[in-house]
Amino acid sequence: MSEFKVLAGFAIIAAVLVFWYRINRSLRGGGSGLDMTPQRRPREGGKGADGANELERFVAQHRSGVLPSPPGGGGGSSLTAASALPPPAVATAPSAAALLHAPVLLTGAEKLAFLAFKAALPDHHVLARVPLGQLLPGLVLESSLAAHAHAVVVCGSDFSVRAAVDVTTPAATVRLAAVRKTLETRAIRHLVLDQSKLPKPKEIRALLHV
C-alpha cells in the first residue's frame, strides 16, 4: 500500500512538471504546448491597428495641406489644397474718386427716417430699401409694383415683417394706394410719412403699438 502511494506521488509530480514546462514554453513563444496568451478581439466594425494608422495618416496629410483619399477608399493621385481651391480674392481699397461716385442707399429724409426707426426700435430688425416683391414671396405682382422699394421695413426678432414705411411728399401719397392695398393682403402695416414731418422715436413706437 505504501509503494502504491509513493508511485502515485511520483506520477502527480511528473504531471505537474510536464504541465509547468508547457506553460513556460508557451509564454516564451514556443511553437508547441498550451497557448495561454489571450486573443485580442478585433475592434467593432472590423477596424484594427491598420485602420487606426490609416486614419492617423489621413489626418496628418489633411493638416499638412494635402487632400488624400478617405481612409479605406480607392487609390489615386492626391491633390494639394492650393490646386483644388481657387486662390482667395484680394480686396483692394477703392479710390477717392470711386467713393465719390459710389451708389447711396438712402439719402435725405429716408436716411433720417431709417435712423429714427433704429433708435426707436432697438428690439426689432430695421431694414432699408426693401422691394415690395421681396416682402410678398409667391404673390404675382406687376413689374412696377414689385419693384417699388420701401425706405424702411420693420421686422420682429424672428424677421417677420411688422411694417413697411414709405417717406414721400403729400402730393405723392395717392400713388401709394396700390402698394397699401397689396400689403393689406398679407396683413402688413403700411406707414406713409411726410418727409417734412418725420416722427420722433417715441411717436414711432406709438405708431407701431410696441
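The face of helix 8 turned away from its buried side carries two exposed residues, K181 and E184. This description rests on a predicted model. The buried residues of helix 8 are V179, T182 and L183. They sit on the same side of the helix, because they cover an arc of only 100° around its axis. Several elements help to cover these buried residues. Among them are two helices, helix 6 (132–135) and helix 7 (143–146). Strand 4 (149–155), strand 5 (161–168) and strand 6 (189–194) also belong to the cover.

One residue of the buried side, T182, was examined further. T182 lies in helix 8, which spans residues 177–184. The relative accessible area of T182 is 11%, so the residue counts as buried, the limit being under 20%. Its side chain reaches the backbone oxygen of A178 at a distance of 2.8 Å. T182 also touches a series of leucines: L132, L136, L139, L141 and L145. Residues up to four places away in sequence are left out of that list.

The wider chain sets the context. It has 9 helices and 6 strands. Of its 210 residues, 21% are buried. The chain exposes about 15,600 Å². Carbon and sulfur atoms supply 61% of this exposed area. Contacts were also sorted by separation along the sequence. Among contacts with a separation of 6 or more, 50% join residues 24 or more positions apart.

Attention then turned to the nonpolar cores. In soluble globular proteins, nonpolar side chains tend to be buried together. In this model, the largest nonpolar core has 19 residues. The residues with the most contacts inside this core are F117, L121, V152, V154, V165, I204 and L208. Five elements each supply at least two residues of the core: helix 5 (108–120), strand 4, strand 5, strand 6 and helix 9 (201–208). Helix 5 gives the largest share, with 6 residues.

L121 shows what such a core residue meets. Leaving aside neighbours within four places in sequence, L121 is in contact with V126, V154, I204, R205, L208 and V210. A second core, separate from the largest one, has 12 residues. V153, A164, L176 and V179 are among them. V179 links this account back to helix 8, where it is one of the buried residues.

Terms used: Residues are numbered from 1 along each chain as its sequence is written. This is a predicted model: local features need pLDDT of at least 70, side-chain atom pairs count only at pLDDT 80 or more; totals for chains, interfaces and linings use all residues. Side-chain values use heavy atoms; hydrogens and water are left out. Helices (H or I, at least four residues) and strands (E, at least two) are DSSP runs, numbered from the N terminus. Buried means under 20% relative accessible area, exposed over 50%, partly exposed in between (1.4 Å probe, protein chains only). A polar contact is a pair of N or O atoms within 3.5 Å; within protein, one must be able to donate a hydrogen and the other to accept it, and residues adjacent in sequence count only if both atoms are side-chain atoms. Contact means heavy atoms within 4.5 Å. The arc is that of the directions from the helix axis to the C-beta atoms. Accessible areas come from the Shrake-Rupley method with a 1.4 Å probe; for residues, only the protein chains shown count as cover. A nonpolar core is a set of buried Ala, Val, Leu, Ile, Met, Phe, Trp, Tyr and Cys residues joined through side-chain atoms within 4.5 Å.
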